[in-house]
Amino acid sequence: MAAPRWDTDFGAEGGLFRRLRAAAAGDWAGYTWHPFVQALSAGSLPLPAFQTYLVQDYLFLIHFARAKALAVVKGESVAAMRDKAAAVLAILDETKLHLKYCAEWGLSEADVLATPESAETVSYTRWVLDRGLHGDILDLEIALVPCTVGYGEVALRILADPARQVAGNIYQSWINTYAADDYQAMARAAAARIDALGVSHGGEARFAKLAADFAEAARLEQRFWQQGLDAAGGLRPAGRSA
């Protein structure tokens with residue numbers, strides 16, 4: 001079996017997801033191969049950068065669950081509503097695991113819960129909810145999918161990075177989480193759902209707006225990574241070409 005490819009493994013050829021990814025190629029690459037990600041691959045990311053990211057990611061997950069709950073309301077069928085209801089519960093369970101993971105990095109639950117949302121976290125999560133409140137299920141899923149699929153692609157890009165550090169990389173557990181078969185399957189399913197909704201919900205006629213939203217989500221993801229580097233004193237690892 002061929003190894004997964006980060007550039008072709010998500011979505012069907014000619015489907016809406018790949019078309020959106022191609023239309024936002026620059027923003028997408030800036031997200032999935034951000035200097036933060038490159039530093040994770042190299043094992044050189046400053047610890048304060050990762051700790052800041054972990055705390056804000058916990059706060060992000062809370063709103064991600066709310067957005068998935070909104071997808072229950074917006075769901076196009078009972079089957080879709082069941083799937084999204086299960087996703088809400090899964091994310092809420094993930095928040096408990098995330099707090100345990102934070103503790104492994106020297107961040108107590110009290111510290112995490114006492115930290116306010118950053119401007120980057122607020123802008124990203126409220127934008128996602130706004131798209132869902134004002135649009136239909138396709139609008140909401142377009143706002144959500146860059147997070148789910150993007151992390152899957154990030155992991156594959158790291159695995160394909162010839163300069164990545166494996167031995168002694170303190171971030172390997174994080175990489176393993178998103179490279180795992182179960183997460184990769186979830187990311188592929190999320191891309192396939194965008195393809196299906198594109199057919200059922202007029203994706204072709206709405207492509208320009210959907211592409212703009214997809215690109216905006218990628219830019220918001222870039223800023224989410226960047227806040228970690230900024231917290232570490234604005235340190236930016238030397239970027240390598242994609």
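How many of the eight residues of helix H3 (residues 35-42) are buried? The points below begin with that helix and then move through the rest of this predicted model.

1. **Helix H3.** Seven of the eight residues of H3 are buried, so this helix is largely enclosed by the rest of the structure. You can pick them out for yourself: Pro35, Phe36, Val37, Gln38, Ala39, Leu40 and Ser41. These buried residues pack against several other helices, namely helix H2 (25-32), H4, helix H8 (137-160), helix H9 (172-179) and H11. Just after H3, look for glycine 43, which takes a positive phi of about 70°.

2. **The nonpolar core.** The largest nonpolar core has 75 residues, and Phe50 and Trp174 touch the most other members of it. Try centring your view on tryptophan 174. Leaving aside residues up to four places away in sequence, tryptophan 174 touches Leu40, Phe50, Tyr53, Tyr101, Tyr151, Val154 and Trp225. Two names there should be familiar: Leu40 is one of the buried residues of H3, and Phe50 shares with Trp174 the place of touching the most other core members.

3. **Where H1 meets H10.** Helix H1 (residues 16-23) packs with helix H10 (residues 181-200) at an angle of about 105°, and their axes are 7 Å apart. That angle makes H1 roughly perpendicular to H10. On the H1 side the contact is made by Leu16, Phe17 and Leu20, while H10 brings Ala191, Ile194, Asp195 and Gly198. Sorted by class, the contact has five nonpolar residues, one polar and one charged.

4. **A salt bridge from H10 to a loop.** The count of salt bridges comes to 15. One of them to look up joins the side chains of arginine 193 and glutamate 76, at 3.0 Å from N to O. Arginine 193 belongs to helix H10 and glutamate 76 to the loop between helix H4 (47-74) and helix H5 (78-104), so the pair ties together parts that are 117 residues apart in sequence.

5. **More on glutamate 76.** This residue is partly exposed, with a relative accessible area of 36%. Not counting residues up to four places away in sequence, glutamate 76 touches Ile137, Arg193, Leu197 and His201. For a sense of scale, the C-alpha atoms of glutamate 76 and leucine 129 are separated by 18 Å, and these two residues are 53 apart along the chain.

6. **A buried pair.** Are aspartate 213 and arginine 131 buried or exposed? Aspartate 213 is buried, with a relative accessible area of 4%, and arginine 131 also counts as buried, at 12%. Their side chains meet in a salt bridge of 2.9 Å, N to O. Aspartate 213 sits in helix H11 (residues 207-231) and arginine 131 in helix H7 (residues 119-134), so this pair ties together parts that are 82 residues apart in sequence. Both residues also belong to a network of salt bridges that links Arg131, Asp136, Asp139, Arg206, Lys209 and Asp213.

7. **A partly exposed pair.** Now turn to glutamate 117, which forms a salt bridge with arginine 126, their closest N and O atoms being 2.8 Å apart. Here glutamate 117 is partly exposed, with a relative accessible area of 28%, and arginine 126 counts as partly exposed at 34%. Set this pair beside the one in the previous point, where aspartate 213 has 4% and arginine 131 has 12%.

Technical notes:
Residues are numbered from 1 along each chain as its sequence is written. This is a predicted model: local features need pLDDT of at least 70, side-chain atom pairs count only at pLDDT 80 or more; totals for chains, interfaces and linings use all residues. Side-chain values use heavy atoms; hydrogens and water are left out. Axes are lines fitted to C-alpha atoms, for helices over the stretch in contact, and angles run from 0 to 180 degrees between N-to-C directions. Helices (H or I, at least four residues) and strands (E, at least two) are DSSP runs, numbered from the N terminus. Angles under 35 degrees count as roughly parallel, over 145 as roughly antiparallel, 65 to 115 as roughly perpendicular and the rest as oblique. Contact means heavy atoms within 4.5 Å. Ala, Val, Leu, Ile, Met, Phe, Trp, Tyr, Cys and Pro count as nonpolar, Asp, Glu, Lys and Arg as charged, and the others, Gly among them, as polar. A nonpolar core is a set of buried Ala, Val, Leu, Ile, Met, Phe, Trp, Tyr and Cys residues joined through side-chain atoms within 4.5 Å. Buried means under 20% relative accessible area, exposed over 50%, partly exposed in between (1.4 Å probe, protein chains only). A salt bridge is a side-chain nitrogen of Lys or Arg within 4 Å of a carboxyl oxygen of Asp or Glu.
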